[in-house]
Amino acid sequence: MASLSRALRGVAATRPRQSPAPGRGLRPLASGAGPTSEKSVPYQRTLKEAQDASAAARGPSRPLPSTASVVVIGGGSLGCQTLYHLAKLGVSGAVLLERERLTSGTTWHTAGLLWQLRPSDVEVELLAHTRRVVSRDLEEETGLHTGWIQNGGLFIASSRQRLDEYKRLMSLGKVYGIESHVLSPGETKALYPLMNVEDLYGTLYVPHDGTMDPAGTCTSLVRAATAQGAQVIENCPVTGIRVRTDDFGVRRVAAVETEFGCIRTPCVVNCAGVWAGAVGRMAGVKVPLVAMHHAYVVTERIEGIQNMPNVRDHDASVYLRLQGDALSVGGYETNPIFWEEVSDKFAFGLFDLDWDVFTQHIEGAINRVPVLEKTGIKSTVCGPESFTPDHKPLMGEAPELRGFFLGCGFNSAVDPRRRPAEDVRPEWSPRRFHHSLTGHGRWIRERSHEAYAKNYSVVFPHDEPLAGRNMRTDPLHEELLARGCVFQERHGWERPGWFNAQGTAPVLPYDYYGAYGHRAHEDYTYGRLLGQEYTFSFPPHHDVIKKECLACRGAAAVFNMSYFGKFYLVGPDARKAADWLFSADVSRPPGSTVYTCMLNHRGGTEGDLTVSRLAPGSQASPLAPASEGDGYYLAVGGAAAQHSWSHISAALQDRRFRCQLIDSSEDLGLLSVQGPASRAILQEVLEADLSDEAFPFSTHKLVRAAGHLVRAVRLSFVGELGWELHTPRPSCLPVYQALMTVGAKHGLVNAGYRAIDSLSIEKGYRHWHADLRADDSPLEAGLAFTCKLKSSIPFLGREALEKQQAEGLRRRLLGFTVDEKVPMFGLEAIWRNGQVVGHVRRADFGFTINKTLAYGYIRDPSGGPVSLDFVKSGDYALERMGVTYAAQAHLKSPFDPDNKRVKGIY
């Protein structure tokens with residue numbers, strides 16, 4: 001039997017290092033490759049049961065029902081979890097269809113590692129739930145052991161920055177009751193005697209992490225689901241999705257077709273994993289994921305390895321999974337092999353392991369556990385996994401087809417599902433991707449590759465992708481690039497991040513980090529600037545952003561916000577739709593603009609936006625569509641635009657409102673001029689009276705700017721006197737140039753979104769997706785003023801808010817300031833009187849008040865409502881990387897709490 005070191009030497013001796021071809025051929029399970037022809041995984045029972053080649057020929061494992069409330073497609077981990085949670089919710093008549101046998105495809109060979117701590121509060125919370133289900137609930141419900149092994153997890157830090165990241169995770173874990181310990185190299189050696197610790201800064205030990213047996217877990221999930229009436233039908237491939245168009249013109253799921261009959265259903269959940277794209281195409285739904293080879297090897301017996309924790313050595317991009325008295329060794333490389341032609345016949349097969357690709361993991365594994373150098377390889381496992389463009393799963397209803405849900409793309413990770421519909425998070429919903437990207441092959445491939453290659457990279461606060469860039473650019477892109485703009489990517493858009501005085505920093509075509517024959521970029525200015533931001537201290541461009549912020553507070557700044565979503569809502573039922581959709585009362589006279597939220601039926605915030613009431617008009621233009629009745633202009637943050645569009649569209653369909661939603665995002669630009677000098681600058685550019693009497697706050701007008709017709713809106717997202725200019729695309733550049741020419745004598749500067757982040761948190765303005773999400777209500781977030789609860793007007797989510805109001809708020813968003821100058825970025829633990837009561841959702845440095853600011857939701861540990869007395873009576877501290885800092889809580893913004901500046905009072 002070959003050893004790891006022998007395999008390593010063999011690769012080096014027989015062929016030079018080279019990048020693999022993008023696709024490799026499929027091999028049956030028994031084919032020989034590498035040092036051994038044996039290929040096996042720890043889950044022999046499932047594998048052996050599934051080797052009966054005549055199973056499919058026998059037809060479905062049970063007769064198909066004629067109807068079902070829900071049809072789940074795919075019998076892997078995701079499908080079984082979905083069926084289980086549907087049954088737990090009391091959904092009757094759910095059916096799971098599996099084309100082969102349960103666990104076929106990917107689940108049967110997965111490593112099954114469960115790591116509870118991630119740099120995401122959502123993932124930490126849901127993984128904690130998954131652990132409870134697998135380690136406790138399923139066994140109690142079914143009497144079956146899931147195969148859960150709690151041997152702990154050990155994260156390796158071979159750099160100071162990596163240890164800082166682990167300390168951040170430790171602080172977040174305290175919020176969710178997850179025990180973890182930062183260990184010194186010596187303590188690590190005592191815990192794991194076979195480990196080399198000479199190059200370590202430390203480790204993070206999580207004793208309650210462990211390993212799942214995918215086969216045992218799926219068996220238990222199915223047993224629990226079928227006990228409550230759900231059905232599982234194996235050997236039943238899906239051949240089509242029947243779609244109907246209702247009398248309102250909306251496409252909806254009608255039935256699932258198979259080789260053995262048809263099941264009528266209004267709801268399908270696509271849990272087909274690598275094959276999810278093919279199932280999506282049956283329904284006309286684009287599923288943005290790619291299939292790649294993912295591999296690990298299983299060693300021979302290792303003396304002394306028993307009961308050791310699983311290991312993640314992120315800096316070596318390798319994991320070591322305990323497997324009885326042996327280890328499984330795997331990792332994530334920069335040159336993964338794409339599975340170009342996904343075979344619908346593939347079930348329990350494996351690929352040949354490409355040792356050229358895998359060698360880098362052997363090197364890292366031997367460095368970390370030197371005994372592996374002389375340890376034999378028992379088997380190799382290389383199977384297909386699906387990966388998404390942002391390394392997050394696809395969960396939720398597809399925007400193209402009502403009743404068609406996705407539950408796929410888990411990027412070789414444990415499924416952290418809670419409930420199939422109620423807890424779908426916007427950051428995982430397919431709505432997070434713009435429709436122009438979900439079918440764009442190059443973008444999906446590039447971004448999925450980078451997400452895979454950086455899976456084990458440190459997650460820094462200001463990182464940006466290098467792949468899939470320049471997909472959507474506004475009319476000012478080249479002009480701002482020439483002025484030193486360093487761009488960020490959001491929703492496919494290039495938006496200004498900050499401005500570099502040292503020259504231009506264009507984003508270059510993706511180089512795949514030098515893989516697949518691509519030449520890695522040399523002297524890449526954008527990459528170099530981005531790399532300088534890789535820190536948990538104040539970034540090196542801190543002072544640059546400071547200048548942009550203080551210029552806005554002291555004179556004026558122009559922000560290019562053209563990536564915003566810009567929609568029109570018009571038609572006979574537009575007013576009814578607006579009353580239902582928006583939490584605030586937007587039925588005000590034409591010319592008014594209102595900041596409002598949109599809610600779900602649980603009272604959670606699906607988005608925040610401004611709504612401007614339009615006057616009726618028969619002449620259509622980019623600034624005002626033709627409308628004989630009520631009309632509204634909606635402006636929503638660009639990163640949430642597709643989500644907001646989908647939410648509004650679904651509500652219009654569900655309520656059958658007769659109106660149109662028109663997307664003008666690409667047709668209009670948005671320039672925002674903010675600061676004490678903004679009125680003086682704009683008065684020279686706009687042909688309009690900008691006095692408070694003629695143009696009050698929260699109003700809008702069609703005016704001419706440097707001879708071009710624009711919609712001027714008096715609003716601010718930074719807490720200053722200012723106007724937004726919503727400008728037709730051809731007019732953006734001349735209007736911008738006129739602003740800069742006039743503004744030069746007033747101190748006008750360009751500023752980006754890094755400055756907006758700082759200025760807005762200083763003023764206490766919310767950011768949807770950060771301190772305002774779909775599970776946060778406006779009442780909890782301090783936005784009760786956006787809710788028309790004093791009126792009798794029904795609106796989506798009203799009942800939930802009234803119930804919350806009557807019962808008292810169980811959590812409340814608070815602002816904090818820290819006198820000590822330390823950087824914070826979110827995920828810090830919030831302490832009150834010696835108890836953890838929440839965590840920071842969003843943090844930044846406020847340059848005007850010269851303090852770090854943070855916002856987070858707090859709870860009463862006793863479970864009671866969070867009253868104002870509870871808030872005011874506490875002593876607070878924020879924990880950053882294991883160190884606590886005294887903090888002052890604020891119910892109102894510490895900067896300009898009386899809102900004088902937006903009114904022009906300085």
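**Exercise 1. Work out how helix α18 sits in the fold and what follows at its end.**

Just after α18, G764 adopts a positive phi of about 85 degrees. This is a predicted model, in which local features need pLDDT of at least 70 and side-chain atom pairs count only at pLDDT 80 or more, while totals for chains, interfaces and linings use all residues. Residues are numbered from 1 along each chain as its sequence is written, and side-chain values use heavy atoms, with hydrogens and water left out.

Step 1: place the helix. Helices (H or I, at least four residues) and strands (E, at least two) are DSSP runs, numbered from the N terminus. Helix α18 covers residues 753-763.

Step 2: check burial. Buried means under 20% relative accessible area, exposed over 50%, and partly exposed in between, with a 1.4 Å probe and protein chains only. The buried residues of α18 include Y753, R754, D757, E762 and K763.

Step 3: conclude. Since 11 of the 11 residues of α18 are buried, the helix is largely enclosed by the rest of the structure.

**Exercise 2. Compare two loop residues with positive phi: where do N307 and H769 lie, and are they buried or exposed?**

Step 1: take N307. Its loop runs between β13 and β14 (310-313). Phi of N307 is near 70 degrees, a positive value in a residue other than glycine. With a relative accessible area of 67%, N307 is exposed.

Step 2: take H769. This residue lies in the loop between α18 and α19 (798-807). Phi of H769 is near 100 degrees, again positive in a residue other than glycine. The relative accessible area of H769 is 53%, so it counts as exposed.

**Exercise 3. Describe the surroundings of L715.**

Step 1: locate it. L715 is in the loop between β30 (708-713) and β31 (722-728).

Step 2: read its accessibility. A value of 9% makes L715 buried.

Step 3: list its neighbours. Contact means heavy atoms within 4.5 Å. Not counting residues up to four places away in sequence, L715 touches T593, T610, Q674, F697, S698, G722, W723 and E724.

Step 4: add a distance. P696 is 19 residues from L715 in sequence, and their C-alpha atoms are 9.6 Å apart.

**Exercise 4. Find the nonpolar cores and their best-connected members.**

Step 1: recall the rule. A nonpolar core is a set of buried Ala, Val, Leu, Ile, Met, Phe, Trp, Tyr and Cys residues joined through side-chain atoms within 4.5 Å.

Step 2: take the largest core. Of its 130 residues, L97, Y192, L372, F404 and F559 touch the most other members. Strand β13 (residues 290-299) gives the most to this core, with seven residues.

Step 3: look around L97. Leaving out residues up to four places away in sequence, its contacts include V71, I73, I233, V256 and I263.

Step 4: find the other core. Apart from the largest one lies another core of 33 residues, among them L480, L686, L690 and L721.

**Exercise 5. Judge the overall form of the chain.**

Step 1: count elements. The protein chain has 20 helices and 38 strands.

Step 2: test the size. The radius of gyration is taken over C-alpha atoms, and the globule rule is 2.2 Å times the number of residues to the power 0.38. For 906 residues, a compact globule would have a value near 29 Å, and the 28 Å of the protein chain agrees.

Step 3: consider burial and contacts. Of the 906 residues, 62% count as buried. Among contacts between residues at least 6 apart in sequence, 74% join residues at least 24 apart.
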